[in-house]
Amino acid sequence: LVNIEIQLRKFLDFSGSNAAVITNNFDWFGQIRLVTFLREIGKHFSVNTMMAKDSVRARLEDREQGISYTEFSYQVLQAYDFLHLHDEHACRLQIGGSDQWGNIVAGMDLVRRIREGATTYGMTMPLVTKSDGTKFGKTESGAIWLDPKKTSPYKFYQYWLNQADQDVIKFLCYFTFLTKDDIDALIEQLNDAPHQRAAQKRLGEEVTRMVHGEEALQGAIAASQAMFGGELSGLDDATLEDIFSEVPSSEIEQSELSADKLLADVLVEVEVFASKGEARRMIKNGGLYLNNKRITDDTTKLTPEALASDRIAIIRKGKKNYHLLRFV
């Protein structure tokens, strides 16, 4: 709960007369006896109604996967959560993804049945889905986390930057507080010059700033530019590992930095080049870069100054062929 609150403090106010509250439903479920729960709460649920829910019916029709009793009864537990929050915190509105509509309605019905005269509300939002139509979530692959330890600001920014043209405007409406005029201008830019990806860049900036702050956003932008020949200074090991996570890499003993070796020779040893002749020709033709800075002399030696961060150096051959050197 502490970690959840740390993340939500960026969006919610936990102080004052209308402070946000985080609760743990084990605090009330841990105290209730099963027989008591079935007698006092279970009697308000019709199995026929529960089975008619879209989410349940779809699973029942799936002969291979089916539905477990735990999943089937989940709507009863979530409904009781709403009842408890209604009684203890005067909660009248439950918000969730569109796949939670059945569970939310079950909670509204339970409050209506047990608390005569009570009025509650439910509101759902469209799910964010991946390109294959499946939803994002902590149990799904490719989940995007608010915690920077799980999804770094760089990868978080890249996720929004890589949205398809057909999705980006929708996400600008979902996840930012841009005005209609701002979004209309981005729609115009998207139609006139889609290759500039102005809408995606604005989406990445707005959401990353909101979740991780201005400093992290600027770091993510700098990291993104690094992949296209931008400045690498100031980026730490973790960020460089993130940026170049999908390029070939090699581990080198850190003592090699003070072994008075030619850079070209070391690159042959780790198979960046097939031969010293190939390495020299690449340098002569101006195609070898160390930390995005061109190497112009084939007698350049490998020294501690070759590091872009504490223990990483980035080699580039030509425009796009990167190789990460990790000194251990």
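**Exercise 1. Work out which element supplies the largest share of the nonpolar patch in this predicted model.**

Step 1. Start with the members: Leu93, Ile95, Tyr121, Met123 and Met125 form this patch on the surface. Together they have about 470 Å² of accessible area.

Step 2. Now place them on the elements. β1 (93–97) and β2 (121–125) each supply at least two residues of the patch.

Step 3. Pick the larger contributor: β2 gives three residues, the largest share.

**Exercise 2. Decide whether leucine 93 is buried, partly exposed or exposed.**

Step 1. Find the residue: leucine 93 lies in strand β1, and Leu93 is one of the patch residues.

Step 2. Look up its relative accessible area, which is 40%.

Step 3. Compare with the cut-offs: buried means under 20%, and exposed means over 50%. Leucine 93, at 40%, is therefore partly exposed.

**Exercise 3. Describe the second largest pocket by its volume, its lining and the classes of its lining residues.**

Step 1. Begin with the volume, about 420 Å³ for the second largest pocket.

Step 2. Turn to the residues around it. The lining has 15 residues, and those closest to the pocket centre are Ser55, Val56, Arg59, Ile67 and Glu71.

Step 3. Trace the lining back to the helices: α5 (54–61), α6 (69–72) and α7 (74–89) are the elements that each give two or more residues. With five residues, α5 provides the largest share.

Step 4. Finish by sorting the lining by class: four residues are nonpolar, six are polar and five are charged.

Conventions
Residues numbered from 1 in each chain as written. Predicted model: local features only at pLDDT ≥ 70, side-chain atom pairs only at ≥ 80, totals over all residues. Heavy atoms only, no water. Patch = residues over 30% accessible without salt bridge, like charges linked within 9 Å, V, L, I, M, F, W, Y side chains within 5 Å. Areas by Shrake-Rupley, 256 points an atom, 1.4 Å probe, with all protein chains shown as cover. Salt bridge = Lys/Arg side-chain N within 4 Å of Asp/Glu carboxyl O. Helix = DSSP H or I, 4+ residues; strand = E, 2+ residues; numbered from the N terminus. Buried < 20%, exposed > 50% of the residue type's maximum accessible area, 1.4 Å probe, protein only. 1 Å grid on protein atoms, 1.4 Å probe; cavity = no way out; pocket = protein on both sides within 12 Å on 5 of 7 lines; lining within 4 Å. Points joined across faces, edges and corners; volume = space filled by probe spheres on them. Nonpolar A, V, L, I, M, F, W, Y, C, P; charged D, E, K, R; others polar.
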